[in-house]
Amino acid sequence: MKKDELIESQINKLEEKFKNSGQDLSSYLDGLLYQKYLTYWDYIHLDTLLSLQAPKTYFPDEEIFIMYHQITELYFKLILHEQKQLVEDKSQDLHFFINKVSRINNYYKTLTSSFSIMIKGMDREQFLRYRMALLPASGFQSVQYRMIELYATSMENLIHRTERANFSHENTIEELYEHIYWKKGATDIVTGEKTLTLKQFEFRYTPRLLRIANQVKGKTIYSKYQDLPKKDKENKELIRVLKELDVNANINWPLMHMGSAYRYLGKDKAPVDATGGTNWKDYLPPSFQKIIFFPNLHSNKELTTWGKQWVEHIFNPENKA
């Protein structure tokens with residue numbers, strides 16, 4: 001196609017695109033003519049992004065702490081971006097399903113491999129000091145992390161393991177939410193009193209989380225898998241990536257936090273409380289929580305030993321140096 005013919009073809013396509021917009025094509029072309037050239041820094045809002053770190057103390061490593069958590073939240077947003085497409089998809093296309101779950105796994109792998117920044121990349125003495133200026137803020141309050149769980153699996157799979165047998169899909173979302181596992185991580189074991197960290201989180205996010213949970217009921221990634229034709233449900237690659245997602249989200253990622261908590265909070269004679277008052281030794285280990293998004297994809301042995309080897313590795317005296 002000659003250059004003039006190509007330009008004419010493109011103009012015809014543009015006219016077709018904009019014919020129902022209420023403006024003729026020449027108006028849009030005028031806008032293109034007067035528009036500034038796009039720059040990289042404007043496109044990603046670089047100046048704004050670099051201004052979002054506001055330490056509360058004068059310890060240099062606090063800025064590392066802030067930036068890493070901001071990076072983490074951006075990866076959570078990427079995971080949610082893929083999850084929402086899966087939940088909203090009506091095609092039940094097997095390749096689409098595998099592709100989206102594979103992307104999520106890649107995000108988790110990056111998160112997990114990057115956590116050495118938290119485990120080895122900060123001075124422990126600085127951390128133990130500046131953390132006191134952050135009370136009662138805590139990574140426990142990451143709403144995106146809770147949203148990821150709601151999009152992934154049925155709410156009854158998120159009930160605390162000590163109460164899970166008492167609930168099923170027949171319970172309302174509101175009933176199930178009251179017994180969701182992470183609430184016990186910020187509740188005083190002796191008094192049953194909620195920490196301020198949990199109270200703040202519930203006040204700000206409970207309506208949103210309940211709305212999302214009701215919206216995705218019967219449409220979670222787990223539900224989508226269960227609704228697939230039998231042949232697709234037995235697809236080995238799909239099963240592999242879903243099991244990998246379970247391990248990434250519910251073993252590898254929590255235990256990176258476990259390693260970090262042990263590095264900064266667990267080396268004294270008595271463990272130091274986390275910034276939000278969460279009991280990290282009971283809350284973080286996957287073998288204690290046994291949160292599993294896709295339970296029917298795992299063998300009985302895998303379910304029984306969920307996360308056990310990782311916990312033994314972390315608590316092994318040879319690994320405490």
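1. Start with Leu-242. In this predicted model, Leu-242 is in contact with Phe-97, Val-101, Ile-221, Tyr-225, Phe-294 and Leu-297, neighbours within four places in sequence being left aside.

2. Leu-242 also belongs to the largest nonpolar core, which has 64 residues. Leu-242 is among those with the most contacts inside this core, along with Phe-97, Tyr-108, Trp-182, Leu-209 and Leu-238. Helix 6, residues 94–114, supplies the largest share of the core: 8 residues.

3. Next, look at helix 11. The helix runs over residues 196–215 and has 20 residues. From its first C-alpha to its last it reaches 28 Å, close to the 28 Å expected at 1.5 Å a residue. There is a kink, though. A bend of about 60° lies at Tyr-205, shortly before the proline Pro-207.

4. Which residues of helix 11 are buried? They are Thr-197, Leu-198, Phe-201, Glu-202, Tyr-205, Thr-206, Leu-209, Leu-210, Ile-212 and Ala-213. Note that the list includes Tyr-205, where the kink lies, and Leu-209, already named for its contacts in the core. The buried residues of helix 11 pack against helix 9 (143–152) and helix 10 (173–177).

5. Lys-199 is also found in helix 11. Is this lysine buried, partly exposed or exposed? Its relative accessible area is 38%, so Lys-199 counts as partly exposed. The range for that class lies between 20% and 50%.

6. Two more points on Lys-199. Neighbours within four places in sequence aside, Lys-199 is in contact with Glu-193 and Lys-194. Lys-183 is 16 residues away along the chain, and the C-alpha atoms of Lys-199 and Lys-183 are separated by 9.9 Å.

Conventions
Residues are numbered from 1 along each chain as its sequence is written. This is a predicted model: local features need pLDDT of at least 70, side-chain atom pairs count only at pLDDT 80 or more; totals for chains, interfaces and linings use all residues. Side-chain values use heavy atoms; hydrogens and water are left out. Helices (H or I, at least four residues) and strands (E, at least two) are DSSP runs, numbered from the N terminus. The expected span of a helix is 1.5 Å times one less than its number of residues. The bend at a residue is the angle between axes fitted to the seven residues ending there and the seven starting there. Buried means under 20% relative accessible area, exposed over 50%, partly exposed in between (1.4 Å probe, protein chains only). Contact means heavy atoms within 4.5 Å. A nonpolar core is a set of buried Ala, Val, Leu, Ile, Met, Phe, Trp, Tyr and Cys residues joined through side-chain atoms within 4.5 Å.
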